[in-house]
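Please walk through this structure with me, beginning at a single residue and then widening the view to the chain, its nonpolar cores, its cavities and a few places where the backbone deserves a second look.

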Amino acid sequence: MIEGGRAPIPSAGLGAQLVPAPSADKRQGGLPHEPSPPLVPTATDSRHSEAYYETKGAIFGALIEAIDLSQLAKLDAESAREEIRDIINEIIAIKAIVMSISEQEELLDDICNDVLGYGPLEPLLARDDIADIMVNGAGTTFIEVKGKIQKTGIRFRDNQQLLNICQRIVSQIGRRVDEASPICDARLPDGSRVNVIVPPLAIDGPALTIRKFKKDKLTLAQLVNFGSITKEGSDILQIIGRCRVNTIVSGGTGSGKTTLLNCLTQFIDHDERIITCEDAAELQLQQPHVVRLETRPPNLEGEGQITMRDLVKNCLRMRPERIIVGEVRGPEAFDLLQAMNTGHDGSMGTLHANSPREALSRIESMITMGGYSLPSRTIREMVCGSVDVIVQAARLRDGSRRITHVTEVMGMEGDVIITQDIFLYDMTGEDANGNIIGKHKSTGIGRPKFWDRARYYGEEKRLAAALDAAESVSSQTS
């Protein structure tokens with residue numbers, strides 16, 4: 001046992017009972033009548049024998065005894081990895097362990113990942129086609145690929161190893177997760193969002209959820225190629241992004257709201273000062289003048305918390321031209337609306353809702369949650385005066401993601417907010433493989449409410465061309 005707890009993974013965990021790998025019959029995913037998607041091959045899955053894990057445990061124990069962790073900490077990642085590989089090769093030679101070259105390479109990578117990285121998660125994090133990694137205790141790991149959830153054979157040695165990796169992740173941004181503070185939001189160095197919940201709240205061991213971002217940032221052109229929106233719809237979204245139209249991106253969990261918000265921000269002029277407010281910094285803006293702010297949870301004494309509302313209120317004193325809120329969840333909706341109609345045009349935010357109409361109701365509800373005793377009509381008038389466009393994203397049941405609505409907020413008629421759809425996604429059925437068939441269509445609106453703003457930015461001809469082209473395509477396909 002290493003004194004002072006300096007070992008990255010306590011060697012006491014090596015003696016713990018191994019978690020049995022998931023059996024083949026339990027590994028089937030998807031619906032009962034559908035063939036399950038193939039298992040994802042990973043660097044450490046259930047094909048390894050128990051002997052492999054016993055050998056790995058013995059070598060790991062010998063490594064911890066042989067290595068000087070204080071000296072290792074002074075090396076950069078690549079040098080440390082080479083040093084560990086050399087020592088492991090010596091241990092294998094001294095102990096006369098018989099292994100094939102491929103097994104030995106795999107073992108070297110596994111142990112290096114355990115000591116320096118995120119252990120069994122490393123091969124999953126290295127893949128760019130995975131959208132989500134969901135670890136439900138040491139023995140069960142799921143991933144989402146192309147919108148479908150699949151079970152993998154990835155497993156951790158025990159819950160202690162998983163907890164250590166969770167603590168390693170959150171400590172990188174100055175947060176902590178343990179029995180006293182069992183829930184934590186964090187992020188990886190590449191911006192991927194992380195949520196950790198540990199016992200006693202998580203009954204079957206630590207639950208780790210990672211929302212991965214692609215290394216190459218998605219663009220609207222790529223969304224067009226994926227069928228998420230048409231070329232004409234993409235042109236309209238570009239104009240919305242550039243012409244400082246106040247925009248709310250609405251959608252369900254995993255529908256691509258943050259990705260879409262990143263795409264819209266690509267068309268913001270480079271001379272604008274942008275301030276972003278997020279719970280875990282994940283927006284990836286490319287402009288040169290961006291200030292990124294992040295909320296802070298309370299400390300052990302329950303003090304020092306900085307909420308989203310605190311950040312949005314402080315933004316107003318920082319001379320922003322646009323304020324972008326990663327996700328509107330509560331009373332900060334009031335402050336964001338205040339910013340939108342007091343000269344910070346082009347501000348944006350995302351929220352959870354299943355339709356544009358529901359998004360407006362949620363904004364009203366969130367303002368009420370803040371304890372404001374305002375009449376309902378007053379809140380709705382504030383929403384109408386602040387929000388110009390709602391872009392609705394959805395993840396369909398075949399796993400595909402589509403932009404289903406581009407909707408304008410027109411104003412009030414009595415006590416009701418009036419909206420008009422500019423673009424819609426119409427589902428017509430599904431093919432033999434269960435993929436949704438549908439098409440984007442224009443509603444025939446020739447002059448949207450933000451026309452004057454487009455003209456102010458010299459984009460009215462492009463907007464007219466996009467609307468005409470969209471209507472022409474819709475009439476040809478109907």
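Is Q284 buried or exposed, and what is its relative accessible area? In this predicted model, Q284 has a relative accessible area of 18%, and because the cut-off for a buried residue is under 20%, Q284 counts as buried. The residue is placed in a loop, the one that runs between β8 (274-278) and β9 (290-294). When residues up to four places away in sequence are not counted, Q284 touches D190, F213, K217 and N262.

The wider setting is a protein chain of 478 residues, of which 48% are buried. Its secondary structure comes to 15 helices and 15 strands. Among the contacts in the chain with a separation of 6 or more, 59% are accounted for by residues 24 or more positions apart. The accessible surface of the chain comes to about 22300 Å², and carbon and sulfur atoms hold 51% of that surface.

From the surface we can turn to the interior. In soluble globular proteins, nonpolar side chains tend to be buried together. Here the largest nonpolar core has 35 residues, and those that touch the most other members are I236, L237, I240, L260, I324, F450 and L463. At least two residues of this core are supplied by each of the helices α7 (220-226), α8 (231-242), α9 (257-265), α14 (451-456) and α15 (460-477), and likewise by each of the strands β12 (389-395), β13 (401-413) and β14 (416-430). Apart from this core lies another, of 33 residues, which includes L311, C315, A359 and I390. To see the packing of the largest core from one of its members, one may take I240, which, leaving aside its neighbours within four places in sequence, is in contact with V245, T247, V389, V406 and F450.

The cavities offer another view of the interior. Three of them reach 30 Å³ or more, and the largest holds about 50 Å³ of space. Which residues line the largest cavity? The lining is made by I248, V328, A333, L336, L337, L351 and I363, and it divides into seven nonpolar residues, no polar and no charged ones. Helix α11 (residues 332-340) gives the largest share of this lining, with three residues.

Some features of the backbone also call for attention. Most residues other than glycine have a negative phi, and most peptide bonds are trans. Against that background, P199 and P200 are joined by a cis peptide bond, with omega about 10°, and P200 lies in the loop between β5 (193-197) and β6 (207-211). Two arginines have a positive phi: that of R244 is near 55°, and that of R319 is near 50°. R244 is in the loop between α8 and β7 (247-251), and its relative accessibility of 13% is the reason why it counts as buried. R319, by contrast, is exposed, with a relative accessible area of 56%, and its loop is the one between α10 (308-315) and β10 (322-325).

Two further residues show how positions separated along the chain are placed in space. D129 is found in the loop between α5 (122-126) and β1 (130-136), and because its relative accessibility is 36%, it counts as partly exposed. Although D129 and K214 are 85 residues apart in sequence, their C-alpha atoms are 7.7 Å apart in space. K214 is also one of the contacts of D129, which, when neighbours within four places in sequence are left aside, are E144, V145, K146 and K214.

The other residue, Q167, has its place in helix α6 (residues 159-171). With a relative accessible area of 28%, Q167 is partly exposed. Its C-alpha atom is separated by 9.0 Å from that of V196, which is 29 residues away along the chain. Not counting residues up to four places away in sequence, Q167 touches V177 and D178.

Conventions:
Residues numbered from 1 in each chain as written. Predicted model: local features only at pLDDT ≥ 70, side-chain atom pairs only at ≥ 80, totals over all residues. Heavy atoms only, no water. Core = buried A, V, L, I, M, F, W, Y, C linked by side-chain atoms within 4.5 Å. Buried < 20%, exposed > 50% of the residue type's maximum accessible area, 1.4 Å probe, protein only. Helix = DSSP H or I, 4+ residues; strand = E, 2+ residues; numbered from the N terminus. Contact = heavy atoms within 4.5 Å. 1 Å grid on protein atoms, 1.4 Å probe; cavity = no way out; pocket = protein on both sides within 12 Å on 5 of 7 lines; lining within 4 Å. Points joined across faces, edges and corners; volume = space filled by probe spheres on them. Nonpolar A, V, L, I, M, F, W, Y, C, P; charged D, E, K, R; others polar. Areas by Shrake-Rupley, 256 points an atom, 1.4 Å probe, with all protein chains shown as cover.
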